[in-house]
Amino acid sequence: MKIVHLLLWPVVCGFTSENSSRSSSDLARPTSSGTATSAEDALALLSEAKALRQEASMLQEQLNREKEERIRKEREKVDNLIDLLLFHGMNPESNTSEESKQQLLHTEEQVAQLLISKRMSFDMVNQCFDRIVEQANRPQSIDSCSPLLSLLLDAACQVDCIERKENPNKRWNGRVERDLRKKLFVLGYGIRIEDVQKKDAIRSITGEKDYF
């Protein structure tokens with residue numbers, strides 16, 4: 001029995017070694033089908049990424065269009081409000097020249113009365129202020145401001161002087177002219193109106209009364 005076992009041992013060992021070597025080489029060698037599947041997966045991911053980028057770009061364009069439309073409507077609303085307050089007989093659809101507009105200006109007393117009867121608040125007057133500054137052809141300051149700003153501020157001063165309990169416009173805080181004059185003072189030093197607006201927003205949150 002020992003002799004038979006010894007004779008068979010090399011054969012068994014050779015068979016085991018050969019199978020083990022073949023199995024290792026089979027595992028190490030990639031199959032053509034596996035390579036094709038990996039390439040297809042990569043192409044699918046690239047295609048999906050491209051579609052997502054296109055979708056994101058289209059969404060951003062839509063958001064930009066909506067933002068521009070919202071800004072346009074807000075400006076149109078403020079422009080109509082300015083025409084209502086400062087001019088008489090104005091047609092929002094007409095292209096009235098600047099010289100003609102000067103001749104159609106309300107008086108200070110008329111503007112003050114409209115600020116009361118239309119229940120204007122500081123925020124509404126502030127929007128008019130910003131829009132007039134935006135449309136001005138030159139820098140605005142305390143010493144040199146447009147007739148429209150001067151008229152608006154002088155009328156606001158009249159309303160500020162009315163005792164609060166006697167003012168039927170309860171939205172009026174009694175400090176409109178003062179706060180806008182301070183804002184105009186800052187603009188005279190070349191500070192951007194956007195920075196002033198940002199400080200206004202911070203002040204409204206913190207309750208700080210003055211920021212310079």
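Reader: What is the relative accessible area of Glu134, and does this place the residue among the buried, the exposed or the partly exposed ones?
Author: The model discussed here is predicted. Partly exposed residues lie between the limits of 20% and 50% relative accessible area. Glu134 has a value of 44% and is therefore partly exposed.

Reader: Which residue forms a salt bridge with Arg75, and which helices hold the two partners?
Author: The closest N and O atoms of the Arg75 salt bridge are 3.2 Å apart, and the acidic partner is Glu134. Because Arg75 belongs to helix α2 and Glu134 to helix α5, the pair ties together parts that are 59 residues apart in sequence. Arg75 counts as partly exposed at 39% relative accessibility. The partner is thus Glu134, and the helices are α2 for Arg75 and α5 for Glu134.

Reader: Which residue meets the side chain of Asp130 in a salt bridge?
Author: The N to O distance in this salt bridge of Asp130 is 2.8 Å, and the other side chain is that of Lys183. The pair links distant parts of the chain, 53 residues apart, with Asp130 in helix α5 and Lys183 in helix α7. The partner of Asp130 is Lys183.

Reader: Are Asp130 and Lys183 buried or exposed, and what are their relative accessible areas?
Author: A residue counts as buried under 20% relative accessible area. Asp130 is therefore buried, at 11%. Lys183 is buried as well, because its relative accessibility is 1%.

Reader: Which residues are joined into one network by salt bridges that share partners?
Author: Side chains of opposite charge can pair when their charged atoms come close. The structure holds nine salt bridges. Where salt bridges share partners, they join into one network the residues Arg75, Asp79, Arg131 and Glu134.

Reader: How many residues apart are Arg72 and Glu69, which form a salt bridge in helix α2?
Author: The closest N and O atoms of Arg72 and Glu69 are 2.7 Å apart. Arg72 is partly exposed at 42% relative accessible area, and Glu69 is partly exposed at 32%. Both residues lie in helix α2 (residues 32-86), so that their separation of about one helical turn corresponds to a sequence distance of three residues.

Reader: Where does Asn169 lie, and is this residue buried or exposed?
Author: Asn169 is placed in the loop between α6 and α7. Its relative accessibility is 2%, so Asn169 counts as buried.

Reader: Which backbone atoms does the side chain of Asn169 reach?
Author: One polar contact, at 2.8 Å, runs from the side chain of Asn169 to the backbone oxygen of Met120. Another, at 3.1 Å, runs from that side chain to the backbone nitrogen of Arg171. The atoms reached are therefore the backbone oxygen of Met120 and the backbone nitrogen of Arg171.

Reader: With which residues is Asn169 in contact, leaving aside neighbours within four places in sequence?
Author: Contact requires heavy atoms within 4.5 Å. Once the neighbours within four places are left aside, the residues in contact with Asn169 are Leu115, Ile116, Arg119 and Met120.

Reader: What is the phi of Arg119, which is not a glycine?
Author: Most residues other than glycine have a negative phi. Arg119 lies in the loop between α4 (108-117) and α5 (122-135), and its relative accessibility of 40% makes this residue partly exposed. Its phi is positive, at about 55°.

Reader: What span does helix α6 reach from its first C-alpha to its last?
Author: Helix α6 covers residues 147-160 and has 14 residues. Its buried residues include Leu148, Leu152, Ala156 and Asp160. The span is close to the 20 Å expected at 1.5 Å a residue, for helix α6 reaches 20 Å.

Reader: Which residues form a nonpolar patch on the surface, and what accessible area do they have together?
Author: One member is Phe185, which is found in helix α7 (residues 176-187). Phe185 is partly exposed, with a relative accessible area of 40%. The patch is formed by Ile142, Phe185, Tyr189 and Ile191, and together they have an accessible area of about 400 Å².

Reader: How many helices and strands does the protein chain contain, and what percentage of its residues count as buried?
Author: The protein chain exposes about 15,300 Å², of which carbon and sulfur atoms supply 56%. Its elements comprise eight helices and zero strands. Of its 212 residues, the percentage that count as buried is 27%.

Notes: Residues numbered from 1 in each chain as written. Predicted model: local features only at pLDDT ≥ 70, side-chain atom pairs only at ≥ 80, totals over all residues. Heavy atoms only, no water. Patch = residues over 30% accessible without salt bridge, like charges linked within 9 Å, V, L, I, M, F, W, Y side chains within 5 Å. Areas by Shrake-Rupley, 256 points an atom, 1.4 Å probe, with all protein chains shown as cover. Salt bridge = Lys/Arg side-chain N within 4 Å of Asp/Glu carboxyl O. Helix = DSSP H or I, 4+ residues; strand = E, 2+ residues; numbered from the N terminus. Buried < 20%, exposed > 50% of the residue type's maximum accessible area, 1.4 Å probe, protein only. Expected span 1.5 Å × (residues − 1). Polar contact = N/O pair within 3.5 Å; in protein donor to acceptor, adjacent residues only side chain to side chain.
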